[in-house]
Amino acid sequence: MKEKRFDVTFLTNDHFIPLLVELGINYFSIGTEEHYQLGNSKECWDYSKDDNSIFGLYHAPAFRPAYDYVIDAYKDNKNLMVVSLFSYDGARAAAEKLGIPKVSIVLSPNQFFSFIAPPAPFCWLLPSWVPSPINKFTLKIIWKVFTAGNRLNKWNRMHLIERKKIGALKIDGSYKNEIVNICFFPEWFGMRQKDWVKNIQLVGFPFFKYQHEPSQQEADAFIEEQGTPIIFTTGTGVQDTAAFINEAKKICSLLNTPGLFVGGNEFQDIHKSLPYFKQMKYVDFEYILPKCKAIVHHGGVGTTAAAIKAGIPQLIRPLKYDQPDNANRIRKLGLGHFLLAKNFTAELAVLILKKIIHDAPHNRNYLLYSADVKRSNAIEKACNIIERKIKELDQA
């Protein structure tokens, strides 16, 4: 949007400000580095807890600053548009209160709940042999209980308190009132359902080129020395990785295959004692994944998309949020498999990895979907949609 000469301001956490400065994009801080670290704490990523504490530790403190910024900006400029990522965002609340046109960015299909084909893990609760009307009725009861429980947990109560302060207790989270919902995933991954909201446009997976040559050179040197590896990662947010690293090392030992673990805080000098296993803080997945046998990961949509683009098998170990649903979609598409974190062991993982790696050369789905993702120009499409909507509003 900046290249199209629109004035753009990112409401962001301090953690991301250096990147915005590097890109020359205006920003306004709505959260501290401490909030970011709390939102990526061990507590937030405990899959055994239904309490999504990331909302309270990371998102809730940003609610009021984002709301106040939009309210103040609207005083001086009535020609505003709010592009929001979350239904509980303060900027979106301000837009709804003032009648500012808003666009929602949707990163994962699970954000559109369907009673016809519900996202995982809800779809796993319903037996396939039960007639569809009964399943839909049962699911509606489950969904009411789930949403009621979410409203009662302490972190969501923090949001309700903030909403009450601004006189917007019932913020619409249905995506029905946006002028458009831009979905950053392709049709074949989203598997659109008839009961999704209608004002959506699917543009494909977004990719942002970020070259980091030192890490690329380090990874290349490891591959040249040890051979084609399996990549392991828990994602950017999860820092408590010691147990998963131990399982990853066992997997590599059982398969007699080198392993490259990306991320985590618990750094040890593993490479000296286990030359076939290496841990790195960061490496560009778009660069390195095409050079790997497979990836074992958490099921975040960004990593999932990068693996599809690279055309390699995925074994997903989902924890929470959109991850179980992304894992289920990968299994349906024939691009890999998943093991829930509570069931994940090196022995089970090895059985699955052997099969999906063996079958990959004979599975045309990898080439088909990889080619489609490589043609993606999702960010440009999204900008064009927003620009078109702005022009339509100007002409109205």
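This report describes the fold, the two sheets, one buried threonine and several salt bridges of the structure above.

The model is predicted, so local features need pLDDT of at least 70 and side-chain atom pairs count only at pLDDT 80 or more, while totals for chains, interfaces and linings use all residues. Residues are numbered from 1 along each chain as its sequence is written, and side-chain values use heavy atoms, with hydrogens and water left out.

**Overall picture**

The protein chain contains 16 helices and 12 strands, where helices (H or I, at least four residues) and strands (E, at least two) are DSSP runs numbered from the N terminus. Of its 396 residues, 48% count as buried, a word that stands for under 20% relative accessible area, with exposed meaning over 50% and partly exposed what lies in between (1.4 Å probe, protein chains only). About 20200 Å² of the protein chain is exposed, and carbon and sulfur atoms supply 56% of that area; accessible areas come from the Shrake-Rupley method with a 1.4 Å probe, and for residues only the protein chains shown count as cover. Among the contacts in the protein chain with a separation of 6 or more, 59% are between residues 24 or more positions apart, a contact being heavy atoms within 4.5 Å.

**The six-stranded sheet**

One open sheet has six strands in the order β9-β8-β7-β10-β11-β12, with parallel pairing; two strands pair if DSSP finds at least two bridges between them. The edges are formed by β9 (277–280) and β12 (336–338), and because each has a single partner strand, one side of each is left without a neighbour in the sheet. On average, neighbouring strands of this sheet are turned by 15 degrees against each other, direction ignored; axes are lines fitted to C-alpha atoms, for helices over the stretch in contact, and angles run from 0 to 180 degrees between N-to-C directions.

Within this sheet, strand β7 (residues 230–233) runs parallel to strand β10 (residues 294–297) and is joined to it by three bridges, with Ile230 standing opposite Ala294 in β10. Helix α9 (residues 242–255) lies across β7, β8 (259–262), β9 and β10, and runs at about 170 degrees to β7.

Strand β7 also holds Thr233, which is buried, with a relative accessible area of 4%. What does the side chain of Thr233 reach at 2.9 Å? The partner is the backbone oxygen of Val262, and a polar contact of this kind is a pair of N or O atoms within 3.5 Å, where within protein one must be able to donate a hydrogen and the other to accept it, and residues adjacent in sequence count only if both atoms are side-chain atoms. Not counting residues up to four places away in sequence, Thr233 touches several residues, among them Phe244, Phe285, Ile295 and Thr303.

**The four-stranded sheet**

A further open sheet has four strands in the order β3-β4-β5-β6, again with parallel pairing. Here β3 (82–84) and β6 (200–202) stand at the edges, each with a single partner strand, so one side of each lacks a neighbour in the sheet. Neighbouring strands of this sheet are turned by 20 degrees against each other on average, direction ignored.

Four bridges join strand β4 (residues 102–106) to the parallel strand β5 (residues 180–183), and the bridge partner of Val103 in β5 is Val180. Helix α16 (residues 378–395) packs on the sheet and touches β3, β5 and β6, its direction making about 170 degrees with that of β5.

**Salt bridges**

The structure holds 15 salt bridges, each being a side-chain nitrogen of Lys or Arg within 4 Å of a carboxyl oxygen of Asp or Glu. Three of them are set out here.

| Pair | Closest N to O distance |
|---|---|
| Glu178 and Arg92 | 2.7 Å |
| Asp372 and Arg375 | 3.6 Å |
| Glu392 and Lys389 | 3.6 Å |

In the pair of Glu178 and Arg92, Glu178 lies in the loop between α6 (154–165) and β5 and Arg92 in helix α4 (residues 90–98), so the pair ties together parts that are 86 residues apart in sequence. Both Glu178 and Arg92 are buried.

Asp372 is partly exposed, at 28% relative accessible area, whereas Arg375 counts as exposed at 59%. Glu392 and Lys389 both lie in helix α16, three residues apart, which is about one turn of the helix; Glu392 is partly exposed, at 41%, while Lys389 counts as buried at 17%. Salt bridges that share partners also join Arg92, Glu96, Lys102 and Glu178 into one network.
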